Amino acid sequence: MAFEGLSSRLQNVFGKLRGKGKVSEDDVNEAMREVRLALLEADVNFKVVKDFIAKVKEQAIGAEVMKSFTPGMVVVDIVNKELTELMGGTQSKLAKSNKPPTVILMAGLQGAGKTTSSAKLAKLLLKDKHKPLMIAGDIYRPAAIKQLQVLGEQIGVPVFTLGDQTSPVDIARAGLQHAKDNGHDYVIIDTAGRLHIDEALMAEIRQIHDVTNPDEVLLVVDAMTGQEAVNVAQSFHSQLELTGVILTKLDGDTRGGAALSVKAVTGCPIKFAATGEKIEPLEPFHPERMASRILGMGDMLSLIEKAHSTIDAEKAAEMERKMRTAEFTFDDFLDQMEQVRKLGPLDQLLDMMPGMGKMKDMKNMKVDEKQIGRVEAIVRSMTKAEKQKPEIMNHSRRKRIAAGSGTSITEVNRLIKQFEDMKKMMKQFSSMMGPKGPKGGMKGLKNMLPKGMKFPF
């Protein structure tokens, strides 16, 4: 996950400060030295680090901080605000033209992920009830047009193309007219990857810019290129006047220096962050939430938004009722697993919860996708009656389920035992929850867990 190293370093630094009743100027200087090293190791631009440390120091060595009852917390708050400002201050939203269609020009180096990002952006617009059109303007990379068409089919967004024998400038012009004629309110122009030193290709994208007069010029940058990503952004910005940046592969770089440097160096806000290769909608980039996550304060707002957009509220209410009344079946268990998986990788969800960075057991928790697959295979090999009433599963039934799921009887027995333990725990939990809250407090909650209780994956 991005910022993993930086996050743990900063949390250690501020953990020491928080524990102090008084904070001296030397304490602040020592903390800032460590913060400076942590930022440089995270591949943040040197000048950006220098300015950042100077701003934090200026505020942290003030009299009001030294006299505060919680000086350590005040310093953390200053760093949090400055980190947020460094990444743009507030979320930078996508432009919207007064006269549709809104034109978005995608630019970037070869292999940065422009075509995939175009599809992800189209999916996001589709989700927000817009009618996007993608224009296939990359005539140089083999199968680039086909790739965009395949992605367009997957997400249900039309792709305009004139093949690879027409110039990208003419394709963009004709595509824009097609969008106007067919009532599309957003146009995404996918262009060829180009090196910022390639004069001919840079001239071509400037021509596309002149012909389409885009409302947004988004540079797609691979976060894993680190400091080079900032240099690329600077170079493109000087020639194209970028309006924003899309950072891709943010989950692949544990340093994250590009995200912290690009706004400060180019003045272009990061508008979206992309993780993974799956065609999921782009995530809007929230500087304040990212700063909070880096400092180990979590990002509950993003987690709640994720849950709202993926979890069926009616299903969740029905599931809660079944858990409370111990009517939870293996069918419900499968359904619950599917809902949780929609939220994304568990380690990324834990990253959004306050304080999880300090809990090593939780932080290192990885869910084995193969194990989840085995659990699903076992449940799907059960009959309807067996899913509803696990107690009817005798040895011969369990043997049949193991054979049908390609697992062993031991694995089947283990899952059934864990499932029964879960049901007991739910029943005990609901019986303890009186109208005035948990009976027996935390001790009661601890005692209700079955000995050696483990979840099935």
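The following conversation discusses the sheet, one helix and several salt bridges of a predicted model.

Reader: What kind of model is this, and how are residues numbered?

Author: The model is predicted: local features need pLDDT of at least 70, side-chain atom pairs count only at pLDDT 80 or more, and totals for chains, interfaces and linings use all residues. Residues are numbered from 1 along each chain as its sequence is written, and side-chain values use heavy atoms, with hydrogens and water left out.

Reader: In what order do the strands of the sheet lie?

Author: The open sheet has 8 strands, in the order E3-E2-E4-E1-E5-E6-E7-E8, with mixed pairing. Strands (E, at least two residues) and helices (H or I, at least four) are DSSP runs numbered from the N terminus, and two strands pair if DSSP finds at least two bridges between them.

Reader: Which strands are at the edges?

Author: They are E3 (159-160) and E8 (283-284), each of which pairs on one side only.

Reader: How do E1 and E5 run, parallel or antiparallel?

Author: E1 (residues 102-108) and E5 (residues 216-222) run parallel and are joined by 5 bridges. Leu105 has Val217 in E5 as its bridge partner.

Reader: Changing topic, is helix H6 mostly covered or exposed?

Author: H6 (residues 114-127) is mostly covered, with 11 of its 14 residues buried. Buried means under 20% relative accessible area, exposed over 50%, and partly exposed in between (1.4 Å probe, protein chains only). Among the buried residues are Lys114, Thr115 and Leu125. Just after H6, Lys129 takes a positive phi of about 70°.

Reader: How many salt bridges are found?

Author: A search of the whole structure finds 10. A salt bridge is a side-chain nitrogen of Lys or Arg within 4 Å of a carboxyl oxygen of Asp or Glu.

Reader: What does Glu216 pair with?

Author: Glu216 forms a salt bridge with Lys271, at 2.6 Å from N to O. Glu216 lies in E5 and Lys271 in E7 (residues 270-273), so the pair ties together parts that are 55 residues apart in sequence. Both residues are buried.

Reader: And where does the partner of Lys81 sit?

Author: Lys81 forms a salt bridge with Asp77, whose closest N and O atoms are 3.3 Å apart. The two are 4 residues apart in helix H5 (residues 71-86), separated by about one helical turn. Lys81 is exposed at 52% relative accessibility, whereas Asp77 is partly exposed at 34%.

Reader: Which residues are linked in a network of salt bridges?

Author: Glu386, Arg397 and Arg400 are linked in this way. Between Arg400 and Glu386, the closest N and O atoms are 2.7 Å apart.
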